[in-house]
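Colleague: I should be grateful for a close look at a single part of this protein, with enough of the surroundings to place that part in the whole. Please set out the reasoning as you go.

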Amino acid sequence: MKKYLIGDHEFALKEFHVLEGKNTPRVYTSHFHDFYQIMFVSKGTLRHSRCGIIEELNANDAILLPPLMEHHIDGEQGWAPYYAVSFKLPFLPLEVLSGITGEYLQSKRNQTAEQIHKITFSEEDAKRITAMLKVMLRELRERQIFYTATLQGMLVSLLVDVMRAEWKADEFSFNEGFEEKRKRILSFTAQMREQLKKTMSSEEAARECAMSRAQFCKAFQEVTGTSYGKYRNSLRMDYAAKLLNENRYTLEYIAQECGFKEYSSFYRSFVNTLGVSPTDYRKLRIDRRAPQDE
């Protein structure tokens, strides 16, 4: 099994690429990569395998694959046109990573092959997405002024389309009393933003919201789309990224301000969330602020 890098592709940026799929033996060989990938089938049918699970992708279907998941196209059953959008998290703007889109991508990273399924776009949405993918390809190849910002914006738009389509496909019903629980959770999350240095267990948080721990964990997941621990970590990493961007605080100080007693714990959490070390992230943001020709 081979590991593929974004840099293996023609016209690729360091953290982003768009591929218009071609009938090549490369995609028929089991492989994995260290980036996210959205596969979108424009017409026909593809049989796609991930960790041995085979699923048919028809026209207007898409699938979002997390890093390090073994997969390939089943070439014995034929080939159909598709697009593959590959990206690493640092390519996305900070405000996107720290929001619901970032949480969505992190949740995908932890899913197994059995938990990942295709989503189907409406005919109207599929036409719009196909047109956007063609623009992405042109921007990537021509690299006109501000092309990076253009590609970032279109990638965010594509991710929102994927999230919406997946949300609509899921059956979700509100339990009795959910609205009251929702208000408590939202009030508590606002409090969390103001008290990042305060370490509070899920049991303590549940008491704060006048719920049992089981009720709290379930309601928190339903309201925010993620667990209490991951949400708290997302807030802390968001704040850490802002402090790093200012470039005037030590890493140890930032770790303490974000509620970490040990720098090593802060470091692991930052790398797991944003995909780069605090030092590399700070350097990346500084480099992006520096004048440069795109």
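Modeller: A contact, as the word is used here, means heavy atoms within 4.5 Å. The model is a predicted one, and the part I have chosen is the loop that holds M69, together with the residues around that loop.

M69 lies between β7 (61-65) and β8 (71-73). Is M69 buried or exposed? Its relative accessible area is 7%, and buried means under 20%, so M69 is buried. Setting aside neighbours within four places in sequence, M69 is in contact with H31, F32, R50, C51, Q111, T112, A113 and I116. A further pair of positions can be given as a distance: M69 and R109 stand 40 residues apart in sequence, and their C-alpha atoms are 9.3 Å apart in space.

Two of these partners deserve a description of their own. H31, one of the residues in contact with M69, belongs to strand β3 (residues 31-33). H31 has 7% relative accessibility and therefore counts as buried. The side chain of H31 reaches the backbone oxygen of T29, at 2.8 Å.

C51, also among the contacts of M69, is found in the loop between β5 (45-50) and β6 (53-58). With a relative accessibility of 44%, C51 counts as partly exposed. Its backbone merits attention: phi of C51 is near 50°, a positive value in a residue other than glycine. Most residues other than glycine have a negative phi. A second residue with a positive phi is F146, at a value near 65°. F146 lies in the loop between α3 (123-142) and α4 (147-169), and a relative accessible area of 53% makes F146 exposed.

The strands that border the M69 loop lead to other residues. M39, in strand β4 (residues 36-41), is buried, with a relative accessible area of 3%. Beyond its neighbours within four places in sequence, M39 is in contact with H48, D61, A62, I63, L65, I73, Y82 and Y83. Between M39 and M136, which are 97 residues apart in sequence, the C-alpha separation is 14 Å.

I73, one of the contacts of M39, can also be related to R47. The C-alpha atoms of R47 and I73 are separated by 6.0 Å, although the two residues are 26 apart along the chain. R47 has its place in strand β5 and counts as partly exposed, at 24% relative accessibility.

D61, another residue in contact with M39, is reached by K118 as well: the side chains of K118 and D61 make a polar contact of 3.3 Å. K118 is in the loop between α2 (100-109) and β10 (119-120), and its 29% relative accessibility places it in the partly exposed class. Apart from neighbours within four places in sequence, K118 is in contact with E55, E56, L57, N58, D61, A62 and I63. K118 and I54 are 64 residues apart in sequence, with 11 Å between their C-alpha atoms.

Towards the N terminus of the sequence, E15 offers another polar side chain to consider. E15 sits in the loop between β1 (2-4) and β2 (16-20). Its relative accessibility is 13%, so E15 counts as buried. A polar atom of the E15 side chain lies 3.4 Å from the backbone nitrogen of F91.

These details may now be set against the whole chain. The protein chain has 11 helices and 10 strands. Along its principal axes, the C-alpha trace spans about 55 × 50 × 35 Å. For 294 residues, a compact globule would have a radius of gyration near 19 Å, and the 21 Å of the protein chain agrees with that expectation. Buried residues account for 46% of the 294 residues. Of the contacts with a separation of 6 or more, 72% join residues 24 or more positions apart. The accessible surface comes to about 15600 Å², and carbon and sulfur atoms hold 49% of that surface. As to charge, there are 42 positive and 40 negative side chains, and the centres of the two sets lie 3 Å apart.

To return to the chosen part: M69 is a buried loop residue whose contacts include H31 of strand β3 and C51 of the loop between β5 and β6.

Note on methods: Residues are numbered from 1 along each chain as its sequence is written. This is a predicted model: local features need pLDDT of at least 70, side-chain atom pairs count only at pLDDT 80 or more; totals for chains, interfaces and linings use all residues. Side-chain values use heavy atoms; hydrogens and water are left out. Helices (H or I, at least four residues) and strands (E, at least two) are DSSP runs, numbered from the N terminus. The radius of gyration is taken over C-alpha atoms; the globule rule is 2.2 Å times the number of residues to the power 0.38. Buried means under 20% relative accessible area, exposed over 50%, partly exposed in between (1.4 Å probe, protein chains only). Accessible areas come from the Shrake-Rupley method with a 1.4 Å probe; for residues, only the protein chains shown count as cover. Lys and Arg count as positive and Asp and Glu as negative; His and the chain ends are not counted. The place of a charge is taken as NZ of Lys, CZ of Arg, CG of Asp or CD of Glu. A polar contact is a pair of N or O atoms within 3.5 Å; within protein, one must be able to donate a hydrogen and the other to accept it, and residues adjacent in sequence count only if both atoms are side-chain atoms.
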